[in-house]
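Here's an informal walk through one model, with a few spots picked out for a closer look. Have a browse of it first, then read on.

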Amino acid sequence: MPQAICPKMPENAAAWSEKTGRNRKFTSKNPNATENWWKLRAENGKMGASQRKKEERKTMSFGENLQYCRSEIGLTQEQLAERLEVSRQSVSKWESDASFPEMEKLLTLCDLFRCDLDTLLRGDVKASRQADTAGYDEHMDRFTKTVTTGVVLCICGLSATMAAEGLTGTDRWSGPAFLLFVLVAVVLFVIGGIRHGYFCEQHERIEPFYDPKTLAAWRQRFPVFAAGGVGLILAAMIVMSMLDDLRLFGLTASRSESLIDSFGLLLIAAGVGLLVYGGMQDSKYKVESYNKERAEERSPHYKRLGQIQGAIMLVSTAVFLLYLYFWKTDIIADGHGLGFGAAVIFGVGGLLCAVVSTLFRRE
């Protein structure tokens, strides 16, 4: 490049060259620095254009999509031809893009492969299946961890109650210890529920995107969560029953029993946590069930169910407030009163909500 028409080299050209590592001899003292900088810039521009072309090519032909979808569900050309009532040669021509099926056959293929017509004809079915465009997987993982943590904290609150009795020999701190854990759990439930509600409102339908390999891998892991959860719960029951008469650290029988029960409740918390986490993760992979639930939520029938459940919890809250007002003396004197009353009242309210939900779903 002639020096007369060469622009002035930018001040950070040397630093830029050192950062890219393409021209280690490129310094401001190099007489050819300006020319080298522009060459490198042009080369980088060509690479950027090439990269952009690769990124822009995200579509597959109809034949490629058809072949991928057929292989994904494990059908041969003959089996697909039988379902569509055409010859195997027709399917072969479709996959080689030598011809296209009729509109009726295209709609049948969309139903069979669970994809929309536009993606099948000129999109990339494989990318659409593998890409989580709505952030569904990340959201459901976060929601699962939030709910699981809340459930485990509630049971750990009971464990803390028993531990406080065993360590102090009094139930004075039992109620506050339990309420502290429950308070954190309720906050998590509220935050998780609100976020999940917003996500469901924004994404009323999620296209299934988990590939068969991912689903098969989860089916191999799910029994571990189920068996591990049940095993920990059974182990807790054995510990609490067999070590009931054991004296710990020279403590009295009742205090030792409280500490043993506290340890057993920790095992139960871990087991329940595994069951809840595994169950919610299993539901996550059932995207069609998510879509079905969202469709049900839009129906007047579901809205009426929500109103009834809201009324039940409102009545439960009113009963709890009355309980605090009329029995406040007993609650202050007895550390168990507040926690026990809250557990019973809201437990019954939650049970009634579950019963109503079951009856509505049967209808």
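## A glycine in helix 9

Not counting neighbours within four places in sequence, Gly157 is in contact (heavy atoms within 4.5 Å) with Phe178 and Phe181. Gly157 sits in helix 9; helices here are DSSP runs of H or I with at least four residues, strands are E runs of at least two, and both are numbered from the N terminus. With a relative accessible area of 0%, Gly157 is buried. On that scale, buried means under 20% relative accessible area, exposed over 50%, and partly exposed in between, using a 1.4 Å probe and protein chains only. Gly157 also has a C-alpha to C-alpha distance of 9.6 Å to Ser262, which is 105 residues away in sequence.

Before going further, some housekeeping: this is a predicted model, so local features need pLDDT of at least 70 and side-chain atom pairs count only at pLDDT 80 or more, while totals for chains, interfaces and linings use all residues. Residues are numbered from 1 along each chain as its sequence is written, and side-chain values use heavy atoms, with hydrogens and water left out.

Ser262 turns up again with another residue of helix 9 (residues 136-168), namely Ser159. Ser159 touches Ser262, Leu265 and Leu266, once residues up to four places away in sequence are set aside. Ser159 is buried too, because its relative accessible area is 3%.

## The chain as a whole

Zooming out, the chain has 16 helices and zero strands. Of its 363 residues, 34% count as buried. Take the contacts between residues at least 6 apart in sequence: 72% of them join residues at least 24 apart. The chain exposes about 22,700 Å², and carbon and sulfur atoms supply 61% of that; the areas come from the Shrake-Rupley method with a 1.4 Å probe, and for residues only the protein chains shown count as cover.

## Helix 4 and what it packs on

Which residues of helix 4 are buried? They are Gln77, Leu80, Ala81 and Leu84. Looking down the axis of helix 4, these buried residues fall within an arc of 100 degrees, so they line one face of the helix; the arc is that of the directions from the helix axis to the C-beta atoms. The face turned away from that buried side carries the exposed residues Glu82 and Arg83. As for partners, the buried residues of helix 4 pack against helix 3 (62-72), helix 5 and helix 6 (103-113).

How do helix 4 and helix 5 (residues 88-95) cross, and at what angle? They pack at about 110 degrees with their axes 8 Å apart, where axes are lines fitted to C-alpha atoms (for helices, over the stretch in contact) and angles run from 0 to 180 degrees between N-to-C directions. Helix 4 and helix 5 are therefore roughly perpendicular to each other. By the cut-offs, under 35 degrees is roughly parallel, over 145 roughly antiparallel, 65 to 115 roughly perpendicular, and the rest oblique. Helix 4 brings Gln77, Glu78, Leu80, Ala81 and Leu84 to the contact, and helix 5 brings Arg88, Val91, Ser92, Trp94 and Glu95. Those residues divide into five nonpolar, two polar and three charged; Ala, Val, Leu, Ile, Met, Phe, Trp, Tyr, Cys and Pro count as nonpolar, Asp, Glu, Lys and Arg as charged, and the others, Gly among them, as polar.

Leu84 belongs to helix 4 (residues 77-84). Leu84 is in contact with Trp94, Lys105, Thr108 and Leu109, leaving aside its neighbours within four places in sequence. The C-alpha atoms of Leu84 and Leu106 are 9.8 Å apart, with the two positions 22 residues apart along the chain. Leu84 is buried, at a relative accessible area of 3%.

## Positive phi in the loops

Just after helix 4, Glu85 takes a positive phi of about 60 degrees, although Glu85 is not a glycine. Asp97 isn't a glycine either, and its phi is positive as well.

| Residue | Phi | Loop | Relative accessible area |
|---|---|---|---|
| Glu85 | about 60 degrees | between helix 4 and helix 5 | 71%, exposed |
| Asp97 | about 60 degrees | between helix 5 and helix 6 | 34%, partly exposed |

## One more one-sided helix

In helix 13 (residues 287-297), the buried residues are Val287, Tyr290, Asn291 and Arg294. Seen down the axis of helix 13, they fall within an arc of 95 degrees, so they line one face of the helix.
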